Every structure is written in structure tokens, then in C-alpha cells.
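Q: I would like a close look at a single part of this chain, followed outward into its surroundings. Please keep the description careful and connected.

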Amino acid sequence: MAASSVSRVALSAIPEAVQQSHAQTAPPLMPPNGRPYNPVVTLNGWTLPWRMNAGVKEFHLVAEPVVREMAPGFSAHLWGYNGQSPGPTIEVVEGDRVRIYVTNRLPEHTSVHWHGQRLPNGMDGVSGLTQPAIQPGQTFVYEFTARRPGTFMYHPHADEMTQMAMGMMGLWITHPKQRPHPLIAEVQRDFCFLLASYDVEPGSYTPKPMTMTDFNLWTWNSRIFPGIDSFNVRLGDRVRMRVGNLTMTNHPIHLHGHEFEVTGTDGGPVPKSARWPEVTTDVAVGQMRQIEFIADEEGDWAVHCHKSHHTMNAMGHNVPNLIGVDHSGLAAKITRLIPDYMVMGERGMADMAEMEMPLPENTAPMMTGTGPYGGLEMGGMFSVLKVRRDQKPGDYQDPGWWAERAPKGTVASAYAGPVPQAPSAASGKPSAAGKDAELKVRKPSANAHGSH
Ligand SMILES: [Cu+2]
């Protein structure tokens, strides 16, 4: 470790850097001092404790290599803050004077940019432009007043490509001072998470920072389904979800069973006249979106990115499309050469989730997760909103599956009676399949020289 630029005496004056050793969702941190507020819940994360020092809220972030469990059985070697990636959520109140000590325990220099904040230019954290970089072993101090309420994030502005690909990021929530606030509703549940993508080769541990678009892990707070906790709420709760995107592509976040409104961005609260109902909202690169809805439908409702490749884990993208191809006899022949070989994709890709193919060590299955009715065949950016009438206020525990209490007759099920004939689209009459079918046949040789 390089020598610190801060003396021992000065270090003792710095607040303790609280560490987190696990990836479970921490209960909301009720503010022990300072202005009161309703705390957020960071999905599979936690809020950084602070200390008050002569009216200033003091935090201590430590940038360092971490081991992040992305899902049970799969961990990645990332860079983060205070033992985890993402770093802890910082929660303050509009008007708070905030001092953040940042210690660099990485092998290279770093800085912290406070994305979306109004602050003095020299506190903006762009190394080379607004400050010298924080060298390994050094501690820097940032200080400013949290001027406007909203949902923000922090991340390095130094060797950004590498440091963000390695997981360096965190959420920052500035709660409103005025309550009730005309544009910021009081909510019963306030969740937050960051979207990040990684490229970790199956069987390895460290993301490849050079990857630009072809990532294989799509994460919420550096977790992948089934490692992402569910959103557990009480029937009738007003629920807020704050989502920030630090990947290289956009993510249409989709909620089942409810309509929501986008009530804020990193630019601040959205005027009421500019809100409209949605069930999906696109979160573009570098953006934050705050969605709100009343959880008034009981059940287990999927919440996910609507890009279907983002609800999968690491896979071989170069798999040929074999849907409809008859493999019979082929597998047996290949198995003689490669004992673990499995033919997949003949009937679709669901086979891949069902057949438990041997995976390299430290690899998450591509499509996985088991629900009360069978395989979910999901991965990546997927979770569940669990709405229950008997979920106690302030209780964030997983209530189990809705299937165990779904009222009779409210679940789709196999039909045993006579099936009515389906009318064909063209005539509106029952179809005479096979009778008038027309086939176009092309001789294989016709295309040999590019002719059609
Ligand atoms: Cu996505």
C-alpha cells in the first residue's frame, strides 16, 4: 500500500469507513440525527451511515477491489466501495451540508463524480478537469450543500471505461426538506437500484473492461436473477422505484399488473402536467428514472427489462438457430466423442433451462430460477413485485409465493373439455388446414450462384 497523503492524526479525524460483507437487501436506515426523512431501500444493497460533525454530515467512501456475489454460486471480482459493488447509497436531505472523504485503495488513481448535483465546480470530480486524480493510498475530501432534492448517482470520472466496467458506482438520494412537497409524494415503499452490465467469461471471475456492447451479464445493483431480491409491499402502498442506468445501452423497464408514472429524473421532479400512465419506461444511458404507482393488485408481478436478452445470464451468442431441425440420432453419435454434449434448441431454447448442462465453476446458468409452477427461464434484469394485503407496514421480508394463496379459479390452467374450432383469420370460418395449402418449392441448386 502506498503511503497515505493524510497523516495519522488527520486520519483519526475521519469518520470510520463502514464496510458491508454481504449482498442482502439491508432494512431502511432510519436517520438517527439530522433532518428527518423517509429512507429508501437499496435492492441487495445498503445505506452508508454518517456522523454529524458541527452540523456537517460526514461520510467515508473507500474505493477498493471487492468480491461481489452476483447470484448464489456465482461471484465476480469487481471494484467498488466499502466492500461491495455498487457502493453504499448516500441519503441526505435538501439543504444538508455534506462532507465526503474518499480513500483510494485501488491499484490506480480514481475520482468521484456526483452525477446530477448542483455544486461548486471544483467538487464535480472530473479528474484532470476539476481536480487532480486521487492517487492510490490518498484520501480526498469533497464538500458541498445538497441543493436540490432528487435521485442521483456517483461514479468515477477517471479511467471511466475500466472503473465503471469493474462496478464502481453508487446511488445518491437527496430527500426533500419541505414535507409534504408539491411534486414529491410521500410513499410507503421507496426502492432504488442501478443498472450495470459486465462481461465475465463463464468460469472466470473478472469482467473484461474492453467490451463495448456485447456484455453477458445484465445486473441490478450488480446482482442477476435469481440473485435479485423481490420488491415486497403491502396492498395499497404508494411505491416508488428509482432506477439509474450506467450500462452502454438503454433498458425498457416493464412492470406487470399496474400502471405507473415517471415522477422524476436526475433533472428533478417531473411537473404533474407532464406525467402520463405507462407500464414500461425506457431508461437511457446515463439517465435516472423515478417511477411511482399504487400497488393495488395482489399477486406476484414480474418487473424486468423488456429486452429479452437482458433477462438471461451468460450464454453463447453464436448458437445457430436449430428450431425445427431434427436431431434424432445425431446426439448419440456426438456423445461417443464428447460425453457431456447435449443437443439443444430443436424445440426452442427452454430445453437449456431444463437440462442441467454441466457448467464451468463459478458460472450462473443462462436461463434459471424456479417459481411455484416450475422453471422461470429467466436471468439478468428480472425481479418480482410481491403485493400482499397482510404485509405489515415497514416489513420488507419476502412473503413467499402468491401461488400458495391465489383464490380458486384465478390461475390459468389446463383445459380438459372439448376445444372449439379456431376460425382462420382470412375467412372467419373454421380453417381447413392442409386442404388448400400452397407450397413454394425452390431447388437447392437454384441459389448456388446467387440467382433467385
Ligand atoms: Cu435491458
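In which strand is the place of Ile90?

A: Ile90 has its place in strand E5, strands being DSSP runs of E of at least two residues and helices DSSP runs of H or I of at least four, both numbered from the N terminus. What follows describes a predicted model, in which local features need pLDDT of at least 70 and side-chain atom pairs count only at pLDDT 80 or more, whereas totals for chains, interfaces and linings use all residues. Residues are numbered from 1 along each chain as its sequence is written.

The pLDDT, the predictor's confidence in each residue from 0 to 100, averages 88 for the protein chain, and 83% of the residues score at least 70. Over residues 446-452, by contrast, the pLDDT is below 50, and beyond near neighbours in sequence this stretch has one contact in the model, a contact meaning that the C-beta atoms of two residues, placed from the backbone, lie within 7 Å. Where pLDDT is low, the predicted coordinates should not be read in detail.

Ile90 is buried, because 23 other C-beta atoms lie within 10 Å; a residue counts as buried with 20 or more other C-beta atoms within 10 Å of its own, as exposed with 12 or fewer, and as partly exposed in between, with C-beta atoms placed from the backbone. Leaving out residues up to four places away in sequence, Ile90 touches Leu48, Phe59, Gly170 and Trp172. A further residue that is distant along the chain is Thr174, which is 84 residues away from Ile90 in sequence, with 8.3 Å between the two C-alpha atoms.

In a regular strand the side chains alternate between the two faces of the sheet. In E5 both faces are covered, with Ile90 and Val92 buried on one side and Glu91 and Val93 buried on the other. E5 pairs in the parallel sense with strand E10, residues 170-175, over four bridges, pairing here requiring that DSSP finds at least two bridges between the strands. Within this pair, Glu91 has Ile173 in E10 as its bridge partner.

These two strands belong to an open sheet of four strands with mixed pairing, in the order E5-E10-E9-E7. Strand E5 (90-93) and strand E7 (113-115) are the edge strands, each pairing on one side only, and the twist from one strand to the next averages 25°, where axes are lines fitted to C-alpha atoms (for helices over the stretch in contact) and angles run from 0 to 180 degrees between N-to-C directions. At the E7 edge, three bridges join E7 to strand E9, residues 150-155, and these two strands run antiparallel. Trp114 has Tyr154 in E9 as its bridge partner.

The chain leading into E10 can be followed through Met166, which is placed in the loop between helix H2 (160-165) and E10. Met166 counts as buried because it has 25 C-beta neighbours inside 10 Å. Not counting residues up to four places away in sequence, Met166 touches Leu78, Trp79, Pro207 and Pro209. Gly80 is 86 residues from Met166 in sequence, yet their C-alpha atoms are 7.6 Å apart.

Another sheet of the chain offers a useful contrast. It is an open sheet of five strands, ordered E13-E23-E20-E15-E18, with mixed pairing. Strand E13 (231-234) and strand E18 (280-283) stand at its edges with a single partner strand each, so one side of each is left without a neighbour in the sheet. Its neighbouring strands are turned by 20° against each other on average, direction ignored.

Thr280 lies in strand E18 and is partly exposed, with 13 other C-beta atoms within 10 Å, whereas Ile90 is buried. Apart from its neighbours within four places in sequence, Thr280 is in contact with Pro252, Ile253, His254 and His306. Of these, Pro252 is 28 residues away in sequence and 6.0 Å away in space, C-alpha to C-alpha. Strand E15 (residues 251-255) pairs with strand E20 (residues 299-305) in the antiparallel sense over three bridges, and in that pair Ile253 stands opposite Cys305 in E20.

For the wider setting, the protein chain holds four helices and 23 strands, and 37% of its 452 residues are buried. Of the contacts between residues at least 6 apart in sequence, 73% join residues at least 24 apart.
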